[in-house]
Each structure stands twice: as structure tokens, then as C-alpha cells.
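Got your viewer open? Follow along, and we'll hop from one selection to the next.

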Amino acid sequence: MRIFKLIIVLTLFISCKKNQEKNVVTQSKQNVSNTYLERVEPPNWFIGFKNSRLQLLVKENGIGAATPIISYPGVRITKVHKAKSNNYLFIDVEIDANTQPGTFDIVFTQKNQPEKRHTYELKARKTSATNFKGFDSSDAIYLITPDRFANADATNDINTKLKEQIIDRSHGYKRHGGDIKGITNHLDYIKDLGFTAIWPTPVLINDMPEGSYHGYAMTDFYKVDPRFGSLEEYKNLSKELAKRGMKLIMDQVANHCGLEHWWMKDLPFKDWINYQAYYEKNKENWSWKTVKNSSHRRTTNQDLYAANIDRKENNEGWFVAAMPDLNQRNPFMANYIIQNSIWWIETLELGGIRQDTYPYPDKTFMANWVNAIMKEYPNFSIVGEEWSYNPLLIGYWQKGAKNKDAYQSNLKSTMDFAMQQHVVDALNEKESWDKGLVKIYEGLANDFHYASPKDIMIFPDNHDKSRIYTQLKENAVHTKMALSMYAVLPRIFQMYYGTEILMDDTDNPGDHGLIRTDFPGGWEGDAVNAFTGKGLTKAQKDMQVFIKTLLNYRKNSMAIQKGKTIHFAPKNGVYFLFRVFEEETVVHILNKNEEAILIDLNRFEEMKLTGKALKNIFTNELINWNESMKLKSKGSLILTTKYDREKKN
Ligand code: CA
């Protein structure tokens, strides 16, 4: 009896001591006497969502046996779900619309156990839901790999609490030290180039032993990687963008997490991840040899004849051995991912989400995920990555697509890998009946299939693909031609950082480390500085000016952003595409002829430009549109009817 009592006293003492220690930590951090469990997620929530339901994930040793109580006006627990692991609880909470912002304790009681408390905060929303305006065809998006762009804070380069502690700029797959502040410090440079939005690849924590500088192996969906900076710095990036009228797009991953994700040591349910039982049985010798990989047969999402096993192997297989595949059919996982996305939109005041590996998660879930977000933020934008060269597959995912299987994706934007490739082929191939510029002409003809072509994202290159300069065999003229072509298409325009200074991966085309080369000038002591122009070659400076002229023009051109598109079948190595909005006509000309060529303009009579003077946006030269036009050399040309007529230049 005495021994029993002693044990109880001791247990109480130890657990009080633990709580005290926790209090000391949180008090010193927050300077208030809040108490916290190991995890309650989302870490806070907001008042006034259309969906009044919140589902909290609670993680704490033995919490599964506890009963939670909330006493706060307008907030009530509607259901408590136990998980398979006793260290979790999932709590359904209903929040009335008129609930006041504030903090309260969630009290956990358990027989013969001391009470536990967790202080939770409901925050007021800073701005109305309709103010969250997503990107659209008026935007030009600068894609950045944060580790490789600029290192503003060398003190965060190595974090001794994390598994990977090496900085090696000479190694393509190791961390280089770039960070969020590095991006923030150079927003004026990005804005001057004419970009209106940035998409940094993920900056959430990847506490993986190696090779996670890219950010796609997240080990905590609510934590910024300290090597990239803090949540405050991430918020500040968004604020600084907003000051400049620019948007922040967050790269999110619903398909997988990193193998070192905190929940992998204690999975709440037996079906939290796909192939879970298999993983748990084999985890001791887990490697690329043992993992059940995705088959990457992405067409199974659309294929009317696909076997179930093939669908399963695409959707449920792991992306790679280091990235467990999340099971979005588990309703708690589904809620977790949706709430996580909403939490980030609200916390960072995002201007869009880029969703990774779109055809890999459960597609019914993805439609629900988009719907849940768009219901809360009707003017928001999401782009999903479907790496396909087939317009049928690209179009399938877009809102409004009339799909034979009746699938309603509701995604505003998809990615146009097909058109990206057509432009490259058009420039690399010698002109013939079915080669060269006709690739663009016929590729664009596929737009009849898309529900909304202008909401599809086009890009010369990205973090996974060869640099455009390399794709075009280091031909700077072709690179300019491609860039202007992409920028005037009825699309959202996106470009990878460094393309403006002709960055290449020619030494080993397609090598990820090389594609994601450090931006010169981002590191102290860099001999070349692309931000200031120091040490750049003439060709690099010339390309910076070209991009700047092109995108700053695009920024104010309604014709490019939302005009009608008319194009003429390429002839004699020349391709004309027109964009028209009200009084503004933009003419884009691709000319592949090395020698001067005279163009008979009578063919374009239907464009009603005869007798008008048009301005070349690159040279400011005025061109009279009459019988004919002489194209002096190979290259691209943008002419416009809209310019300040008082100003000759
Ligand atoms: Ca750093």
C-alpha cells in the first residue's frame, strides 16, 4: 500500500516537474504562462471561415486515454476520435461565427493522472477572404530555389540540432546556405525585371540526413526550416512583396513527406501512409531497393481502361524511398492537409499555391482539397504540377474540363509542359513542312481542348528541367525568341531564376544540382554579381535588359494578359501571332531567317493594321504597317499599337 502511494506521489512529482520544465521553456519564449503539449495542430486557428469545423491533431504520450474539455464562448468539442496509437487524439471542434478571438486552455483529464493543459489561440483574420487574390495571366512568376539564390544570413547555414550539417557550395546536392532573407533582400531586383510574383520552392523543414536542400521532403508541415529562416522572416517576405504589389506563391506537397517526418516514429493510424504495413515490416533495411515506388504511370488517372492495380501503383507507391506516400483517403490525413494549406494561406497572406506532383495523390481528395480552399478564398489560385507533354492530360485537371469520367478537378491552373517543348523544338529544328515553327502553330491549336488556356502556366524552364539556354544549345538569339514567345502566349508566365543571365547546365544537361546553380552575387565575396551587373558578360547583361523590357511591357499590356489570340501558319521560317484587346494590338514575330526577308503584309489584312504605325518594344523604333515589312535578321520582334504617341522614343 505504502509503496503504491509512493509510486503515485513519485509519478505526480515527475510529471509536475516535466510540466514545470515545459513552462519554463515556454515562459522564457513567450513571457506568458501558457502550457503546451508535445503537439497540437494546426498550432492556432482563425475565426470566420465558412467551414466552422476544425479538427485538431493532438500528440502527447498517452493522450489517447484523456478526455479533452474546452470552456470558451462559441467553441465546443463535437467529437473526440481515438487513433490506433494511444499517443494521439483527434478532436472535432465547432467554432461559432461570432466567437471572439482569444486564447483558452484545452484541458485533458484522465483517471489517476494529473490534468494536462494546452493553450490554444483563435486569431482574428487580418483581411477579408476576397482580398486573397491569386495569380493569373497578368502575372509573371519568378521561380527560385531558395538554397541557391542568395545567402543573407550566414549564421543560419548550419544548424547543429539538425541531421544534415554540411555546407558545400562546390557540391550540387549539398546545402549552399541561401535563405528567405536572401530573397527578401533582392525583391527590387526581381521587380525591376518585371516579375509580379515569386514562387520559392519549399522552405519548410526537411530534417533529413542528406540531399534535402530542395525542400520537398518535409519533416514538419508547420515549421520553416531554420536554415532558410524563421516564420517571421517568411511572413516578412510576404509583406515586402505586398508592398511592391507582388504575390507570394507557396510550394506545397500533399503527396508525400520526408522519411524523417516526426510522425514516422509513431504513426497515428494503420493507414496514415500508403504501404504502411509493408514499410513497418521492412523499415530496418529500407532503401531504394526495398521501397514500393510509384509506377509513375500517371495516365492511369485518366485512362478509361486502366487496371485497378496500375492506378494503385501510381497513386500509392512512394515517390522515392525517402518520401513516404501520404494516404489522403484516411479522413484525418485529408483534414490535416486541407487545414495545413489554409493555415499557410491565412498566416502568410499568400497569393497562390503551387501543388507538387499533382497526379500522384488520390485525385478525389485533390478535388476536395481545391474546393475546400476555393470555398474560403474565392479569388485564390492554385497551379498543379502535371509533368506531361499531352494536352489531353494537362487539360483534364483544369476547372471546367468536360471529362468523360465526370471528374471535376476545380483547379484553376495546370502546367504547360507540352507547349514548353513545342517552342524548344520549333527553334532547334530546321524548317520543313512538319518541323520547326509549325510545332508552335499546331501546339497552340490544341488550346481548343482547354477550359481556360490563359489560366495555364507556361515556362521556359524550371527547377527540374534543363535551363532554356541549354535546351536551345546555348544560342542566345534562340533563347530570346523562346522567351518572348512564352511571354506573349495566352498563358500565365513563369521563369526560373538565372535565366535572365543565361544560366546553363550544359556540362551535364538535366543534372539537378547544376540546374540549381548558385545565383552569382547571392554570396558574400562572389566575383560576379548579377544583382549589380558586376562581372557579367555582355551577353548576360543584354539578356537581363531583354527580360526587363519584355516583362515590364507585358505587365501593362491588356492584349497579352487577356486579349484575343490570332496566329498565322508559319511561312518561309516566319511565324506571326497577334494578341488583341480593344484598341491594343500586339504583334509577335518569330523570324528564323539569317538573311533579310521581305514579308508581304497583305496576308494579315484581317488584323486591320494597314496604315498604322507600330512601335517595336525592344528598340522603340516606329514601323509603318503597309504593303510589306523587311525583317533584317533572325530573332523575335514585338510590335504594339499602344504607345505614347507624343514620345517618339
Ligand atoms: Ca543562410
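Start by selecting Y396 and W397: both are buried, where buried means under 20% relative accessible area, exposed means over 50% and partly exposed lies in between, using a 1.4 Å probe and protein chains only. A quick note before going on: this is a predicted model, in which local features need pLDDT of at least 70, side-chain atom pairs count only at pLDDT 80 or more, and totals for chains, interfaces and linings use all residues. Residues are numbered from 1 along each chain as its sequence is written, and side-chain values use heavy atoms, with hydrogens and water left out.

**Aromatic rings**

A search of the whole structure turns up 56 aromatic pairs. Rings of Phe, Tyr and Trp (its six-membered ring) pair if their centres lie within 6.5 Å; planes under 30 degrees apart are stacked, over 60 edge-to-face, and the rest tilted. Your current selection is one of these pairs: Y396 and W397 are edge-to-face, at 5.2 Å centre to centre with 90° between the planes.

Now pick F576 and F578. Their ring centres are 6.2 Å apart and their planes meet at 25°, so this pair is stacked. F576 has 3% relative accessibility and therefore counts as buried; F578, at 0%, counts as buried too.

Next, look for charges over rings (NZ of Lys or CZ of Arg within 6 Å of the ring centre and within 35 degrees of the ring normal). Select R148 with Y213: the charged end of R148 sits over the ring of Y213, 4.0 Å from its centre. Then try K312 with Y275, where the charged end of K312 sits over the ring, 5.1 Å from the centre.

**A side trip to Q398**

Go to Q398, in the loop between α9 (391-396) and β15. Helices (H or I, at least four residues) and strands (E, at least two) are DSSP runs, numbered from the N terminus. Q398 has 2% relative accessibility, so it counts as buried. A polar atom of the Q398 side chain lies 3.0 Å from the backbone oxygen of K412.

**Strand β6 and its partners**

Select residues 88-95, which make up strand β6: 8 of its 8 residues are buried. Which side chains point which way? Y88, F90, D92 and E94 point one way from β6, while L89, I91, V93 and I95 point the other way.

Add residues 53-59, strand β3, which pairs with β6 in the antiparallel sense over 7 bridges. (Two strands pair if DSSP finds at least two bridges between them.) To find one spot along this pairing, look for K59, whose bridge partner in β6 is Y88.

Then add strand β5, residues 75-82, which runs antiparallel to β6 and is joined to it by 7 bridges. Here R76 has E94 as its bridge partner in β6. β5 and β6 form a hairpin with 5 residues between them.

Move on to T99, in the loop between β6 and β7 (102-110). T99 counts as buried because its relative accessibility is 4%. From a polar atom of its side chain, the backbone oxygen of D96 is 2.6 Å away; the backbone oxygen of G74 lies 3.3 Å from a polar atom of the T99 side chain.

**The calcium ion**

Click the calcium ion. What are its protein donors? They are N151 (OD1), D153 (O), N156 (OD1), D157 (OD), G177 (O) and D179 (OD), lying 2.3 to 2.5 Å from the ion. Donors are N, O and S atoms within 2.8 Å of the metal (3.2 Å for Na, K and Ca), and since water is not among the atoms, sites may look incomplete. Along the chain the donors follow the spacing N-x1-D-x2-N-D-x19-G-x1-D. Both N151 and N156 are buried.

**Two open sheets**

Now show strands β12, β13, β14 and β15: they form an open sheet of 4 strands in the order β12-β13-β14-β15, with parallel pairing. β12 (250-252) and β15 (413-414) stand at the edges with a single partner strand each, so one side of each has no neighbour in the sheet. Inspect β13 (353-355) and β14 (382-384), which run parallel and are joined by 3 bridges; I353 has I382 as its bridge partner.

Last stop: an open sheet of 5 strands, also with parallel pairing, in the order β11-β10-β9-β17-β16. Its edge strands, β11 (247-248) and β16 (457-458), each pair on one side only. Select β16 together with β17 (492-496) to see 2 bridges in the parallel sense, with I458 standing opposite F493 in β17.

Definitions and conventions: A polar contact is a pair of N or O atoms within 3.5 Å; within protein, one must be able to donate a hydrogen and the other to accept it, and residues adjacent in sequence count only if both atoms are side-chain atoms.
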